[in-house]
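Hi,

Here is the structure I promised to pass on. Have a look at it first, and then read my notes below.

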Amino acid sequence: MRLSRLPLNTLKEVPADAEVVSHQLMLRAGLIRKLAAGLFTWMPLGLKVLRKVEAIVREEMDRAGAFELLMPAVQPAELWRESGRWDVYGDLLLRIRDRHDREFCFGPTHEEVITDIARRELKSYRQLPVSYYQIQTKFRDEIRPRFGVMRAREFLMKDAYSFHLDQASLEATYQRMAEAYARIFTRLGLRFRAVEADSGEIGGARSQEFHVLAESGEDAIAWCEHDDFAANVELAPALPPPGPRPAPTAELTRVATPGARSIDEVSELLGVPPSRCLKTLLVQASDGGCVALVLRGDHELNPLKAERLPQVAAPLALATAEQVQAATGCEPGFLGPVGLQLPLIADHAAAAGADFVCGANEVDAHYTGFNWGRDAPEPETADLRNIVAGDPSPLGGGPVSIARGIEVGHIFQLGDKYSRALQATVLDRDGREVPMIMGCYGIGVSRIVAAAIEQNHDEQGIIWPEPMCPLEVMLVVLNPKKSESVTAAAERLYEDLSRAGIEVLMDDRDARPGVKFADADLVGLPHRLTLGQRGLDAGVVEYRERRSGAEEQVPIDAVVDFIRQRLERTA
């Protein structure tokens with residue numbers, strides 16, 4: 001590919017509406033162009049990257065035993081009404097009508113469609129298990145599309161679905177898919193973690209997310225380098241502190257705290273760390289009243305954990321100011337366990353300490369020296385908080401660390417949620433009709449491209465992992481208009497590399513060397529060759545590796561073998 005023939009328009013300035021590095025660099029390098037909010041055109045170099053990711057995904061899905069098909073992007077409303085999701089999916093669903101006023105949606109996912117296929121095509125347990133997948137455009141009407149293709153409305157996704165007679169069969173395929181996903185992200189050259197996760201609106205039992213590790217990631221992941229533990233922070237268990245509770249050393253004392261409502265304000269006013277403070281939160285109870293949840297001041301309430309408690313209403317909702325006043329006679333910000341006449345549940349860490357600061361259930365007042373069992377009854381305890389760095393791993397390997405991650409894959413054990421709703425049954429070994437058990441396995445193909453850039457870049461531009469680079473070598477020709485011998489030598493080198501099966505982007509434009517070098521770094525191909533008059537006279541080409549910046553002189557007649565060795569080394 002020759003840059004003189006490719007209308008590649010790179011940008012020096014960072015686009016004003018690009019918030020994250022991947023969005024900025026994809027626009028600056030000419031990989032994508034914005035059409036409307038959350039809608040992007042993939043330009044030639046960007047599409048090459050997308051197709052390379054797609055090819056690896058397809059190879060590993062085939063290897064895992066799944067069969068590729070292609071389902072319609074537009075889906076009839078009747079199917080979604082059968083599953084019960086037409087009215088509950090929300091505004092993410094783009095609803096449309098045809099000329100006959102029939103309702104459809106542009107598919108954000110394909111559980112309904114694949115289940116309809118299964119109920120028509122699968123009749124006997126002898127046809128199970130079976131897995132299908134597709135790589136196809138999806139549309140979710142995000143309220144605030146952002147971060148470029150990371151959170152676009154239209155995106156390319158690989159979604160796979162499996163059908164089984166029983167849970168044991170599902171477990172086997174689920175594990176096989178998890179292994180396939182690990183191979184995909186390893187082959188793509190990405191640092192990633194597989195974590196236990198919440199099934200969310202897709203539903204089902206167990207699920208795992210696959211995250212590319214990057215500082216810009218929206219999700220927090222807890223993991224331990226000394227064992228196999230890894231989980232989304234929202235789901236990671238926070239273990240009770242070891243050992244007995246310390247004995248009280250201070251008397252319960254009421255102190256004035258005018259205007260100090262937050263933990264930070266109370267901590268600063270009284271000169272105690274947030275870990276020595278308690279915060280009491282009132283939430284809606286399942287019986288219509290309120291429940292008090294007590295945590296240490298340095299810990300955050302985990303909504304998923306809290307709403308799983310039988311006493312707490314789901315979804316979790318904080319009590320209103322009016323409800324707090326009615327239940328306690330006090331304003332929010334000054335609540336505490338002393339004399340509180342409400343059901344109360346304390347987080348394990350909040351119940352394990354002594355001599356706390358807590359609210360006095362009176363405006364502008366707190367207690368110091370609070371101790372459970374003496375100043376308030378021993379509480380019911382539960383895991384209510386988000387895990388934090390330094391907490392022990394649930395598997396016993398040592399302390400956990402917290403990393404940021406970008407979700408690029410998610411696998412689910414759906415069970416019979418969709419098959420039962422859509423009456424997708426088969427005859428079992430005894431001739432009885434039973435609903436099929438399902439699994440669901442998604443990968444954000446276009447999102448992987450952005451996630452890879454978030455993980456692989458520097459101040460100059462993109463640094464592509466070799467398995468997904470648009471082309472392998474950038475051949476920079478210096479001042480081609482001034483030297484016919486340089487142009488001829490570059491053409492020969494370009495042809496030799498291409499015949500050797502090496503993907504080359506030759507910058508033969510009539511542009512300044514500085515512009516060419518800047519564009520080469522911005523586009524981020526792994527290997528750069530530079531040929532000018534001085535090098536040609538010396539019989540050498542200058543080689544530079546994009547990731548390390550290492551440079552060396554390579555004899556012109558040895559360039560093909562040199563590059564081939566570099567590519568084999570990283571394959």
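One term before we start: a residue is called buried when its relative accessible area is under 20%. With that in hand, take helix 4, which covers residues 111-121 and is mostly covered, with eight of its eleven residues buried. The buried ones are Glu111, Glu112, Val113, Ile114, Thr115, Asp116, Ala118 and Arg119. Please keep in mind that this is a predicted model.

Now the overall picture. The protein has 571 residues, and 53% of them are buried. You can pick out 15 helices and 28 strands. Measured out along the principal axes, the C-alpha atoms would fit a box of roughly 90 × 70 × 50 Å. The surface that the protein exposes comes to about 25,600 Å², and carbon and sulfur atoms supply 50% of that.

How many charged side chains of each sign are there? The protein has 65 positive and 84 negative ones, and the centres of these two sets lie 5 Å apart. As for contacts, take those with a separation of 6 or more: residues 24 or more positions apart account for 69% of them.

Next, have a look at helix 2, which runs over residues 44-63. Does its length fit what you'd expect, or not? Here's how to work it out: at 1.5 Å a residue, its 20 residues should span 28 Å, and the end C-alpha atoms are 29 Å apart, so the two agree. The buried residues in helix 2 include Leu45, Val49, Leu50, Val53, Ile56, Val57 and Met61. Charged names turn up in the buried set too, among them Lys52, Glu54 and Glu60. After helix 2 comes Gly65, which has a positive phi, near 95°.

On to the aromatic rings. The count comes to nine aromatic pairs. One of them joins Trp80 and Tyr89, an edge-to-face pair with 5.3 Å from centre to centre and 90° between the planes. Trp80 and Tyr89 are both buried. Another pair is Phe185 with Phe210, and this one is tilted, at 5.9 Å centre to centre and 35° between the planes. Phe185 sits in helix 5 (residues 167-187) and Phe210 in strand 10 (residues 207-213), so this pair ties together parts that are 25 residues apart in sequence. Phe185 and Phe210 are both buried as well. There is also a cluster here, in which ring pairs link Tyr181, Phe185, Phe192 and Phe210.

While you're at strand 10, find His211, which lies in it. Is His211 buried or exposed? Its relative accessibility is 0%, so it counts as buried. Setting aside neighbours within four places in sequence, His211 is in contact with Arg191, Phe192, Arg193, Val195, Asp219, Ile221, Gly405, Ile406 and Glu407. For a sense of distance, His211 and Ala73 are 138 residues apart in sequence and 26 Å apart in space, C-alpha to C-alpha.

Glu545 is another one to click on. You'll find it in strand 27 (residues 540-545). Glu545 has a relative accessible area of 17%, which is under the 20% cut-off, so it is buried. Leaving aside neighbours within four places in sequence, its contacts are Pro526, Ala550 and Arg569.

Finally, some backbone details. Which peptide bonds did I note as cis? One runs from Leu128 to Pro129, with omega near -5°, and another joins Ala314 and Pro315, with omega about 0°. Pro129 lies in the loop between helix 4 and strand 7 (130-139). Pro315 is in the loop between helix 7 (303-307) and helix 8 (321-328).

Two residues have a positive phi of about 55° although they are not glycines: Asp355 and Asn361. Asp355 is in the loop between helix 9 (348-351) and strand 17 (356-359), and Asn361 is in the loop between strand 17 and strand 18 (365-370). Asp355 counts as buried at 10% relative accessibility, and Asn361 counts as buried at 17%.

Happy browsing!

Definitions and conventions:
Residues are numbered from 1 along each chain as its sequence is written. This is a predicted model: local features need pLDDT of at least 70, side-chain atom pairs count only at pLDDT 80 or more; totals for chains, interfaces and linings use all residues. Side-chain values use heavy atoms; hydrogens and water are left out. Helices (H or I, at least four residues) and strands (E, at least two) are DSSP runs, numbered from the N terminus. The expected span of a helix is 1.5 Å times one less than its number of residues. Buried means under 20% relative accessible area, exposed over 50%, partly exposed in between (1.4 Å probe, protein chains only). Contact means heavy atoms within 4.5 Å. Accessible areas come from the Shrake-Rupley method with a 1.4 Å probe; for residues, only the protein chains shown count as cover. Lys and Arg count as positive and Asp and Glu as negative; His and the chain ends are not counted. The place of a charge is taken as NZ of Lys, CZ of Arg, CG of Asp or CD of Glu. Rings of Phe, Tyr and Trp (its six-membered ring) pair if their centres lie within 6.5 Å; planes under 30 degrees apart count as stacked, over 60 as edge-to-face and the rest as tilted.
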